[in-house]
Amino acid sequence: MTEPSSPDTTAAERALVARCIAGDEAAFSKLVATYQRLVGHIVFKLVKDEQAREELCQDIFVKVYRNLGTFRFESKLSTWIGRIAYHQSLNFLKRKKAPVVLYEDLGGGEGDDRRSGEETAAALASPLAAAVAQPDQELQRTQLAGLLQREIDHLPEVFRTILTLYHHQDLSYKEIGDILQLPEGTVKSYLFRARAKLRERLLKHHTQEEIYR
Amino acid sequence: MSPTDPNDPNTERLHPQGPHERPPETGGEPNPLLDAERTDPELEALLRDDPHLLDEIAKLQKLEFGYDDKILQHDLHLTEDELQHLAEGGLVHDLSVREHLKSCHTCQTSLQQYRDLFELLNDPTTADEEQLPTQFGAAVLSKVRKIRRAERRRRSPIIPVTAVLVALASAVGYLGIAAGGATVWEVLERGSTDLATRLGWTLSSMPTGLWAAVVLAVYFLIDLLIQRQTEKARK
């Protein structure tokens with residue numbers, strides 16, 4: 001389920017990893033700088049404990065450092081680091097006995113059904129549709145982004161992680177599947193369901209007042 | 001009901017074979033333009049290069065499936081999956097979907113809503129960037145340095161301890177320090193011989209290999225002790 005990287009990327013990654021193993025601190029700093037956003041995205045979407053997650057991110061990179069010698073370049077370095085981050089986060093949640101709802105049914109199956117005319121008419125009169133048409137776009141975008149994040153936070157952990165990895169990290173279904181160890185089709189299906197649910201919740205739960213407060 | 005559910009009359013009407021299934025064999029040569037499995041990047045690139053190709057496909061689909069105006073009515077809409085595919089920049093290959101989308105305000109609005117949603121999701125400035133602090137890299141590096149130092153401490157004592165032991169033994173043996181009428185070396189030698197005899201051995205009967213094993217065991221114990229102390233210090 002791993003994806004070989006392109007020859008150029010592999011050569012650059014190999015060089016970087018070799019320098020890190022040789023004890024080159026500048027190289028390791030570069031590695032951390034390159035992948036800290038990815039690790040942050042995974043950890044922050046899974047672990048809500050603000051006190052613990054920075055420490056957890058540090059531990060993930062320490063683990064990466066200690067295991068670089070075992071990395072065989074059978075996948076992209078990002079995928080390997082992402083997988084470590086994902087598993088370390090799950091282990092953290094297990095240790096803390098935090099309630100984890102990884103794959104909660106998003107319910108309704110509305111994402112798949114053809115919608116009736118009334119449903120869509122309601123959507124047309126929705127705050128999202130209205131908000132999109134407003135001229136004060138900058139303020140509105142910020143407000144909508146806030147609403148969006150609140151709704152994303154309501155999704156189960158894996159759905160949040162998939163959304164983030166796809167939209168913020170520009171990873172492919174396959175790369176996300178490699179990290180989360182899920183089949184590519186499942187990743188795609190979860191992504192589509194999560195986005196349908198997001199749109200539905202935005203249209204359903206937020207009033208015009210909330211958007212223009 | 002799923003979009004490809006055969007029991008869903010809507011699915012049948014908008015997609016006679018389901019949106020992603022191969023059309024039935026109608027005899028004659030298979031037409032590559034109607035091959036639904038070719039909805040891949042290659043085909044999409046072809047369609048981008050030649051906009052007329054889409055019209056060609058539409059004509060062929062009309063001939064192949066005999067679409068009529070009824071299926072283009074506005075009471076049936078695109079699925080969420082289709083809308084998301086289109087909002088992500090996917091192309092419309094299906095005549096019915098294309099025609100429906102041209103004239104259905106509801107689907108156009110839904111599509112626009114998805115486009116807006118994706119734009120928001122993709123926008124790094126509006127994304128929930130709970131970033132790690134700027135000093136994060138330095139903090140990781142400092143942690144790695146501490147671990148390296150601890151590992152060095154763990155490895156290094158074996159050599160000085162060995163050196164000290166050897167030096168001590170040499171000093172005791174060759175300086176001939178006296179204690180109770182005999183050198184310390186003689187006292188130690190006698191003491192260890194007595195101990196060994198009590199344990200049922202004699203020094204002369206102990207093979208060199210056994211001595212080596214005893215020495216290694218002592219080293220191993222020292223190493224283990226140091227490792228434990230290092231782990232404690234790290235925690």
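**Exercise 1. Find which residues have the most contacts inside the largest nonpolar core, and which helix gives the largest share.**

Keep in mind that this is a predicted model.

- Start with the core itself: the largest nonpolar one has 58 residues.
- Next, pick out the residues with the most contacts inside this core: A:Val39, A:Val43, A:Ile81, A:Ala85, A:Ile162 and A:Ile176.
- Now go by helix. The largest share, nine residues, comes from α2 of chain A, residues 25–46.
- Zoom in on A:Ile162. Skipping residues up to four places away in sequence, A:Ile162 touches A:Ile176, A:Val187, A:Tyr190, A:Leu191 and A:Ala194.

**Exercise 2. Work out how chain A is built and what share of its contacts join residues at least 24 apart.**

- List the elements: chain A has eleven helices and zero strands, so to speak α all the way from the N terminus on.
- Check burial: 37% of its 213 residues count as buried.
- Then take the contacts between residues at least 6 apart in sequence; 74% of them join residues at least 24 apart.

**Exercise 3. Explain why the buried residues of α6(B) lie on the same side.**

- Get the helix first. α6 of chain B covers residues 105–122, which is 18 residues.
- Compare spans: first C-alpha to last is 25 Å, close to the 26 Å expected at 1.5 Å a residue.
- Collect the buried residues: B:Thr106, B:Cys107, B:Ser110, B:Gln113, B:Tyr114, B:Leu117 and B:Leu120.
- They share a side of α6(B) because they cover an arc of only 145° around the axis.
- The background is simple: with 3.6 residues a turn in an α-helix, residues three or four places apart point the same way.

Conventions. Residues are numbered from 1 along each chain as its sequence is written. Chains are lettered from A and ligands numbered from 1 in the order in which they are written. This is a predicted model: local features need pLDDT of at least 70, side-chain atom pairs count only at pLDDT 80 or more; totals for chains, interfaces and linings use all residues. Helices (H or I, at least four residues) and strands (E, at least two) are DSSP runs, numbered from the N terminus. A residue is buried if 20 or more other C-beta atoms lie within 10 Å of its own, exposed if 12 or fewer, and partly exposed in between; C-beta atoms are placed from the backbone. Two residues are in contact if their C-beta atoms, placed from the backbone, lie within 7 Å. The expected span of a helix is 1.5 Å times one less than its number of residues. The arc is that of the directions from the helix axis to the C-beta atoms. A nonpolar core is a set of buried Ala, Val, Leu, Ile, Met, Phe, Trp, Tyr and Cys residues joined through C-beta atoms within 7 Å.
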